[in-house]
Amino acid sequence: MKTFAAGLLCLLLPVAPAWAAEAPMQVYTRAAQSLDGEWKVIVDPYENGYYNYRYQPFDQQADPPKGAYFRDAKPESPTDLVEYDFDTAMSLQVPGDWNTQDPRLYYYEGSVWYRKKFDAPARRPTDRAFLEFGAVNYRADVYLNGRKLGVHEGGFTPFRFEVTDRLRPRGNSLVLKVDNRRRADGVPTLNTDWWNYGGITRSVGLVVVPEVFVRDYRLALASLADREVAGRVQLDGARGGEEVSVALPELGVRQRVRTGADGQAEFRFRVPGARLWSPEHPQLYRIEIASGSDTLVDRVGLRTIATRGRQLLLNGEPLFLRGISVHEEYAADGGGRVRDAGQARRLLERARSLEANFVRLAHYPHNEHMARLADEMGLLVWSEIPVYWTIDWANEATYRNAEAQLEAMIGRDRNRASVIIWSLANETPVSDARNRFLSRLAARARALDDSRLLSAAMEKHYREDDPDMAVVEDPLAELVDLVSFNQYIGWYDGTLDKIDRVRWQIPYDKPVFVSEFGADAKQGLHGDAGAIWTEEYQAELYRRTLRMLDRIEGFAGTSPWILSDFRSPRRPLAGVQDGFNRKGLMSEKGEPKQAFHVLRDYYRQKAGNAPP
Ligand code: GCB
């Protein structure tokens, strides 16, 4: 299956962005030829390489001229006018955002052309090849050897193109036009409180697989009491009737099943001796899925997550989420978006040093390293799509874009034991159009994965007859499993003393999760606890807020805002913010503020590890 096949027809017709409809593909553990490293780039604010001087796209012409950058052309004679040359152009590293690699691109929002030359890997004549992109922000127009493969929109999810018949043995030219301009109808939309990092921000690889291969699988502990595991395998290229073997060697499990006409095979077996996955014992087992000449190897944890009334249950036991929100940014070494597994690990280690057992990966799907490391390190995960603030709710294309991102997120990470919550949205204003949009998304998420909890970061308001009575009521709360909301009492909403007065009305028999609270503080700025921006104010806000939250009935955890300071164009205050949201418990470099210790002590107590 292809993200979007741009065949002959598409030389004449516009290539529409790829919205969904693509089956997930598990590639993380497969050997791939890496296309990371140095790419040649041309910054193109006027999209000169895409449009001719009459503003007609070159890639909709049957025979695009050499001036189309995706042709990656060279002059063929001394008078041949070609006004670009990738070979002599500047370079950027992939994966990586462009903003922090070159000071001239720090604020740039527009198009950059990327080019990579590569030789095809050795393969058998029947093998198939896929170009896999971890994420490109925001829109990618992708061309191989001068021909368009397709378009992808959405900056945080993987996509791929089958290029089996398009590869040359040597000297392939892969060209992307990457455009990070914000759009009113985009997901996210124009307005966010984070940096709009552009570029090929995650790895690119070429994956070679046999003609028939294990494309995807899912597996979950279906019954805690019976220790029964259920799942299914999806072959690609199958005719039906293929044998598939599923093995968990450490548990002595090996099952053989056969695919139906759709290439799918279901399995079900018992694992009486299995140790369940939990933050205390993040046990993973090797799984081998084989069919014909293909074998996919992975590591999986087995656990259940559920709610009972206002309680959260992990493996049937009550669970309190000692969480922290995290942006996928590692600014400690001057960079921006997390570039590799090492940086992802350091972020999660910061979270663990807080005694957290849970991370809210805000506000978009993070790179795949995060959930995989969380599996290994024993951190529970909330994963969300960037349906943030003022989405274009009534626009069907916007809905399909959001749904595609949801499908890609769930498709990629649904075998990660660490991931327990899919979140649909953040602080979205209640309206009929928004309710319809989110209830469709909720139904889609349930259809894709019924083994996890659904949530969304909602908002609170106050009762008209009682200004100290905070109410969480939202039609969305009916649809989700966990009633989550963000609140900033003592920061955007009143001063510290208000925190002590507020009472809560939350009329759902569901666990309550406080997905954000916090205050800005500049690390190293000290003063009176009554003065904002100081570490003391932030620490005091944490002390009072934690006491308040403990009074909420059904309070099942929190993920305060946020682990580390992060870049935001909404935060210009010189000398304090300097372009950073300062609500971190640590500076962007990882230096803890006082509030870090307040929250860590609280979490120690919750974990039953309070110092004497
Ligand atoms: C919020 C948003 C988060 C912001 C934060 C803030 O409610 O969900 O994205 O960064 O507040 O600091 O204002």
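Which residue stands opposite Ala230 in E15? In the predicted model described here, that position is held by Arg268. The two residues belong to strands E12 and E15, and E12 spans residues 228-236. Seven bridges link E12 to E15, and the pairing runs in the antiparallel sense. Both strands are part of an open, three-stranded sheet with the order E11-E12-E15, in which the pairing is antiparallel. Strand E11, comprising residues 213-223, and strand E15, comprising residues 264-270, form the edges, each being paired on one side only. From one strand to the next, the twist of this sheet averages 15°.

A second open sheet is likewise built from three strands, arranged in the order E26-E27-E29, and its pairing is mixed. Its edges are formed by strand E26 (461-463) and strand E29 (503-505), each of which pairs on one side only. Disregarding direction, neighbouring strands of this sheet are turned by 50° against each other on average. Strand E27, which covers residues 466-471, pairs with E29 in the parallel sense, and three bridges connect the two. Within this pair, Val471 is found opposite Gln505 of E29.

Two annotated regions can be described in terms of their secondary structure. An unreviewed UniProt entry assigns residues 89-210 to "domain: Glycosyl hydrolases family 2 sugar binding". Across residues 89-210, helix accounts for 0% of the chain and strand for 41%, while the C-alpha atoms at the two ends are 37 Å apart. The annotation "domain: Glycoside hydrolase family 2 catalytic", also taken from an unreviewed UniProt entry, covers residues 306-604. For residues 306-604 the corresponding contents are 31% helix and 23% strand, with the end C-alpha atoms separated by 24 Å.

Several backbone features lie in loops between strands. Most residues other than glycine have a negative phi, and most peptide bonds are trans. The bond between Val94 and Pro95 is a cis peptide bond, with omega at about 0°. Pro95 is placed in the loop that runs between strand E3 (90-94) and strand E4 (111-118). A cis peptide bond also joins Trp561 to Ile562, where omega is about 15°. The loop containing Ile562 lies between strand E31 (555-558) and strand E32 (566-567). Asn145, a residue other than glycine, has a positive phi near 50°. This residue, Asn145, is located in the loop between strand E6 (139-144) and strand E7 (147-153).

The surroundings of the ligand were examined next. A total of 14 residues surround the ligand, and the closest are Asp193, His363, Glu427, Tyr492 and Lys583. By residue class, the shell around the ligand consists of five nonpolar, four polar and five charged residues. Oxygen atoms of the ligand are approached by polar side-chain atoms from several residues. For Tyr492, a polar side-chain atom lies 2.4 Å from an oxygen atom of the ligand. For Trp561, which is joined to Ile562 by a cis peptide bond, an N or O atom of the side chain is 3.0 Å from an oxygen atom of the ligand. A polar side-chain atom of Tyr488 lies 3.3 Å from an oxygen atom of the ligand. On its own, the ligand has 320 Å² of accessible area, of which the protein covers 96%.

Terms used
Residues are numbered from 1 along each chain as its sequence is written. This is a predicted model: local features need pLDDT of at least 70, side-chain atom pairs count only at pLDDT 80 or more; totals for chains, interfaces and linings use all residues. Side-chain values use heavy atoms; hydrogens and water are left out. A residue is near a molecule or strand if one of its heavy atoms lies within 4 Å of it. A polar contact is a pair of N or O atoms within 3.5 Å; within protein, one must be able to donate a hydrogen and the other to accept it, and residues adjacent in sequence count only if both atoms are side-chain atoms. Accessible areas come from the Shrake-Rupley method with a 1.4 Å probe; for residues, only the protein chains shown count as cover. Ala, Val, Leu, Ile, Met, Phe, Trp, Tyr, Cys and Pro count as nonpolar, Asp, Glu, Lys and Arg as charged, and the others, Gly among them, as polar. Two strands pair if DSSP finds at least two bridges between them. Helices (H or I, at least four residues) and strands (E, at least two) are DSSP runs, numbered from the N terminus. Axes are lines fitted to C-alpha atoms, for helices over the stretch in contact, and angles run from 0 to 180 degrees between N-to-C directions. UniProt positions are given in the numbering used here, feature names are shortened, and annotations may be inferred rather than shown by experiment.
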